[in-house]
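Biologist: Shall we go through this one together? I would like to hear the reasoning behind each label.

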Amino acid sequence: MPRERGGSWLLPALLLLPPLCAPALAISVAAEDAKEQIERLVSQESEKSGKSNKINIELQEIVFVIQSQSNSFHSKRAEDLERNILKQAEELGKELPRVLLIHQMDRHDGAWTILPLMHDFSASYGRNSSWIFFCEEDTRIQIVKLLETLRRFDKSKEWFLGKALYDEESTIIHHYAFAENPTIFKFPDFAAGWALSIPLVNKLANKLKSEPLKSDFTIDLKHEIALYIWQKGNGPHLTPVPEFCTDDLNSYKAVNCATMFSNFLPVCGDPVKKEDIFVAVKTCRKFHRDRIPIVKQTWEGEAAIVEYYSDYAETSIPTIDLGVPNTERGHCGKTFAILERFLNHSSSKTPWLVIVDDDTLISIFRLRKLLSCYDPNEPVFLGERYGYGLGTGGYSYITGGGGMVFSREAIQKLLASKCQCYSNDAPDDMVLGMCFSGLGIPITHCPLFHQICDVTFCQEIIFLDYYIPIKNW
């Protein structure tokens, strides 16, 4: 934490003054001692001032970038972090650093993928800054400790710093990269914060200028950024920094950390009522016997309102036939039929719709706690965010396998727009992403939703499709 300022260096000296009844020699010696104490304290204060000036210079060389979102809940948390950073800087008694919020820089839907912003970072800060430090809205930063940490690295060189993660085994979301030994490739834990030196930012900006990003999928951003920076061995690997931490603020380990992470599941008051959440399960006849029983044995009992939508009505479950034939992929027709049914046939007092697959696991209780943080009167579309073609003006979307949460307001705006599937087997999650993008309604990302799960994090999740192991390093 920053050193406390204020108070007088005279106070300790005054406490050293002798009583009036002491012998003259004692008074003289004590006076000399007091004088020496004062001189020593003045010298220490001068050293502090010099150190503060050094900190100030370094502080002005760091640009803080908060990976924020425009949803009101998330933007407030990002603004709280911004104020905390500025307050710490103010307590050092010097000029305030630059703090940027990604959602306020968002000239297009791809700003959250970071790389499209490299040209702006280079143009605006390439000559008068040394570091771009990225963090999430729940990252907590000790400014003085961060400065001490960054001093260890030569700012004139290319550095990619962070808390390192690696795959324990090759994974589909990382396209089976480094299949022979996936542990050799490290990528940053965004929650702990990560940093790029300005020489590396300038290099990336020049590369992106000559070789624009390809129109492709963004699935796991932290891994994809690390791959792009590495450039098949032509760029730097991630350098692990032990002071970039995800330990809790109250952990005994926090004393050594420049960054920490407050929590994964936010607390915003009482959980929403069970009756406020309508859960729609997409299934088909061939999975009635093997998947639906697992849902009923696990999380169905936690939910107040659950309906199963299939291509075949079976009263024993029961399932509802929406009149949309089953498709081997996509399921867009079925999803839009669910949205229409919710809007037209469920109680108008039910503010939330959750759509999941029949192999998705849910913690309804954690979901109720999470949704207490969001305003259902806003158009909210919540889940695990992916992207498509964001380097060339594409769109973000919520991956369906990890579950999708809609506020009633979002569904009303969507269906009123007449945006719809181009075929029944179109990818529902991507079509929804295109529709909401066209409406100017942002996708809201939450790390508690998972198409694929990090087994070290599974105890924290709300939604889960299936497991892939990842380790902290």
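Modeller: Gladly. Let me start with how angles are taken here: axes are lines fitted to C-alpha atoms, and angles run from 0 to 180 degrees between N-to-C directions. Please keep in mind that this is a predicted model. On that scale, helix H12 (residues 428-439) runs at about 130 degrees to E19, lying across E9, E18 and E19.

Biologist: What makes E9 and E19 the edges of their sheet?

Modeller: The sheet is open and has three strands in the order E9-E18-E19, with antiparallel pairing. Strand E9 (217-218) and strand E19 (395-398) each have a single partner strand, so one side of each is left without a neighbour in the sheet.

Biologist: How do you know that E9 and E18 count as paired?

Modeller: Two strands pair if there are at least two bridges between them. E9 and strand E18 (residues 385-388) have two bridges, in the antiparallel sense, so the pair meets that cut-off. In one of the bridges, phenylalanine 217 has tyrosine 388 in E18 as its partner.

Biologist: Why are H4 and H6 called oblique?

Modeller: The axes of helix H4 (residues 118-125) and helix H6 (residues 198-210) cross at roughly 130 degrees, coming within 8 Å. Angles over 145 count as roughly antiparallel and 65 to 115 as roughly perpendicular; the angle of roughly 130 degrees fits neither range, so the two helices are oblique to each other. The crossing of H4 past H6 is left-handed.

Biologist: Which residues make that contact, and what is their character?

Modeller: From H4 come Met118, His119, Phe121, Ser122 and Tyr125, and they meet Ile198, Val201, Asn202, Leu204, Ala205 and Leu208 of H6. Eight of the contact residues are nonpolar, three are polar and none is charged.

Biologist: Which residues of H4 are buried, and what do they pack against?

Modeller: Met118, Asp120, Phe121, Ser122 and Tyr125 are the buried ones. Besides H6, the buried residues of H4 pack against strand E1 (62-66), strand E2 (98-101), strand E3 (131-135) and strand E8 (194-197).

Biologist: Why is glycine 110 called buried?

Modeller: Buried means under 20% relative accessible area. Glycine 110 has 1% relative accessibility, so glycine 110 counts as buried. This glycine lies in the loop between E2 and H4.

Biologist: What does glycine 110 touch?

Modeller: Leaving out residues up to four places away in sequence, glycine 110 touches Pro116 and Leu390. The C-alpha atoms of glycine 110 and glycine 393 are separated by 7.3 Å, although these residues are 283 residues apart along the chain.

Terms used. Residues numbered from 1 in each chain as written. Predicted model: local features only at pLDDT ≥ 70, side-chain atom pairs only at ≥ 80, totals over all residues. Heavy atoms only, no water. Helix = DSSP H or I, 4+ residues; strand = E, 2+ residues; numbered from the N terminus. Parallel < 35°, antiparallel > 145°, perpendicular 65-115°, else oblique. Left-handed = near helix turned anticlockwise from the far one by under 90°. Contact = heavy atoms within 4.5 Å. Nonpolar A, V, L, I, M, F, W, Y, C, P; charged D, E, K, R; others polar. Buried < 20%, exposed > 50% of the residue type's maximum accessible area, 1.4 Å probe, protein only.
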